[in-house]
Amino acid sequence: MKIRAMMVVMALIGVSATASAQPSARLELTEASITEVQAALTAGRMSSVQLVRQYLARIAAYDHAGPELNSLIRVNPKAAAEAAVLDAERKAGKVRGPMHGIPVIIKDNYDTGDMPTSAGSLALATSQPSRDGFVVKKLRDAGAIILGKSNLHELAAGITSISSLGGQTRNPYDPTRCPGGSSGGTGAAIAASFATVGWGSDTCGSIRIPSAFNALVGLRPTQGLVSRRGIVPLSHTQDIGGPLARTVTDLAIALDVSVGYDSEDSATSVLRDAPTPKFVAALNKTALRGARIGVFLPYFRDTDAEIADTVRAAIAAMRAQGATVVDVPMAEFDTLMANTSVINLETKFDLIDYLRTVPNAPVKSLRDILDRGLYDRQLEVRFRVIDTVLAADSEQHRTALKRQAALRTRMERILDSLSLDAIAYPTVRQKPTLVGEVQNGSTCNLGAQSGLPSISVPAGFAADGLPVGIELLGKGFTDTRLVALAYAFEQSGARRIAPSTTPALVAGKAPVAAPIVVITRARGIVATTRVTLDRVHSVLYWSATVNNAGGAPLSALVLRRTGNAGRISGPISGAAASGTTSASIAIPAGASRVSARLLGPGQASGSGSFPLTYADRVAFDAGRLTVAMYTGAGVEPVEVKVAR
């Protein structure tokens, strides 16, 4: 896009060209959008060199320090120099478009001619492609700065984002959990504001799952809209690249750069004689008015109760914006989906073909990787199963392709017969798994194995602060319509909150919290409690001393939380030997509960720390945490707010 198109983008979010030129305060990069950053660059409030340095400071503070997200495999050592060239172009009056001078993150399975492309594999740590891939070249031509390359599930063959070269990436909303995959490094990096926007690849959910788990928006485009050239393959039939972003407008800008015909990728021949989709131009705040959305019931089976409730609430918000909502049952769905994946049938041969294009490739095949032991142990079974496939052309492969075509036809007929713009369902039916455990509940196979476009959009949060995504799937080549629907839904209310583990920097460093002192007095007893919240690690440190001048004995000093209206789910102990079950129950708005016991009977002092839950962090910020002292004089506490 040129400058005029940039002005259109600014207008979409209420930023005028005149306003952007006025002096204002320094831009805070946490959660900053492409349009906000571009406005700051245009106004001269910052340079792209400064932008790069500030993002690198965030990476230094939070990727291998602080919460240790471990989202990036490498940073681009030439990023600042490239930014300086783009700054000079801007000064000379040349602005290539809305991505000019904007730092981005790309998954480390995208070929870069100036940096190795590893796909997360130790075997490919030094693998140097001869040129940029198609999407990378388009990004650079648009003026984007490749700031770094992100970790992924090794060779993109999984959804928890662990690899032998990159290690385990962690979720910024809860670093004990996975960020989704395989583009989990990109998802975590963009959620943590390590760049404005990032690129991943999707073979079966690898854009949409990390989008859902990191409160991002991500589109798996219709097969053929984005070239696969220069993306390390997992399955040539199902692979496709695309962006992950914090807002739909940013996603649209990034998609306009990504899509296009490539003479070296036959899949993109659908665009050779057809107009290229324009995503920014399709953004429409009223797109849901008159739209028809189908609730896809098969993907509400075996779904976490909080996720199902959150997704249904999002669908209700779409109805409130003028959409007609209808249920879509499909009794034959499991049979239709069976044996439609071709990933394991293609990986072995696609990887051999790709490695032939890399000069002096360090390995030649998956068999080389297995023989040398250059893979993470969690991938062993998957890789060995893949390596047993005997031929690229087999009856099993041909049958799977036919079943994919039948699946696509059936889904498009359902959309047509009910006059639906999209069907809606949870992006993932279960919450992000703990690091080291298996992730269940993906719904990725419908979009991936039908080749139909599907977009994941933030739907809200569960009670424990974990993001929930809603996915919309439409007919082939209705990608711009899906993005427009997502944009209209986004207008109904903010459903993204930045992760607390990666707050704004202070003087280029992670903030250090000052302690809060709380004095509690009752019947001759004075308790002095010092509380410090480490937001980066989500840990509360405390120390307390009690001075009893002849009053009633201390029963307990506790931290209490008030509030938390709504419904929450949690385990309950069953009376039978079957063990634990789960229940969902309404919580009154004024309910109080003990978050942590600090001191017990007879204790005069103590100190410690404990992880703070999401609900406790929200209560802390809202002034709903108190230090409560209980004495032998009765069960009613004397409590004082923990106030900053």
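These legends describe close-up views of a predicted model.

**View 1. The largest nonpolar core.** This core holds 115 residues. Seven of them have the most contacts inside it: Met-99, Trp-199, Phe-296, Leu-446, Ile-455, Ile-470 and Val-483. Helix H17, residues 479–490, gives the core its largest share. That share is eight residues.

**View 2. The surroundings of Ile-470.** Ile-470 is one of the residues with the most contacts inside the largest core. What does Ile-470 touch, leaving aside residues up to four places away in sequence? Its partners include Val-311, Ala-314, Ile-315 and Met-318. Ala-424, Tyr-425 and Thr-427 are also among them. So are Ile-455, Ser-456, Val-457 and Ala-459. Phe-489 is another contact of Ile-470. Ile-455 also appears among the residues with the most contacts inside the core.

**View 3. A second nonpolar core.** This core is separate from the largest one. It has 31 residues. Leu-124, Ile-159, Cys-204 and Leu-370 are among them.

**View 4. The salt bridge between Arg-410 and Glu-332.** The whole structure has 29 salt bridges. In this one, the side chains of Arg-410 and Glu-332 meet at 2.6 Å, N to O. Arg-410 sits in helix H15, residues 395–417. Glu-332 sits in the loop between strand S10 (324–328) and helix H11 (333–337). The two parts are 78 residues apart in sequence, so the pair ties them together. Are these residues buried, exposed or partly exposed? Arg-410 is partly exposed, because its relative accessibility is 32%. Glu-332 is partly exposed too, with a relative accessible area of 31%.

**View 5. The salt bridge between Asp-421 and Arg-481.** These side chains meet at 3.0 Å, N to O. The pair links distant parts of the chain, 60 residues apart. Asp-421 lies in the loop between H15 and strand S11 (422–426). Arg-481 lies in helix H17. Asp-421 has a relative accessible area of 21%, so it counts as partly exposed. Arg-481 is partly exposed at 28% relative accessibility.

**View 6. A salt-bridge network.** Which residues do shared partners join into one network? They are Arg-131, Arg-229, Asp-262 and Glu-264. The salt bridges here share partners, and this joins the four residues.

**View 7. The salt bridge between Arg-177 and Asp-174.** The side chains of Arg-177 and Asp-174 meet at 3.1 Å, N to O. Asp-174 has 22% relative accessibility, so it counts as partly exposed.

Conventions. Residues are numbered from 1 along each chain as its sequence is written. This is a predicted model: local features need pLDDT of at least 70, side-chain atom pairs count only at pLDDT 80 or more; totals for chains, interfaces and linings use all residues. Side-chain values use heavy atoms; hydrogens and water are left out. A nonpolar core is a set of buried Ala, Val, Leu, Ile, Met, Phe, Trp, Tyr and Cys residues joined through side-chain atoms within 4.5 Å. Buried means under 20% relative accessible area, exposed over 50%, partly exposed in between (1.4 Å probe, protein chains only). Helices (H or I, at least four residues) and strands (E, at least two) are DSSP runs, numbered from the N terminus. Contact means heavy atoms within 4.5 Å.
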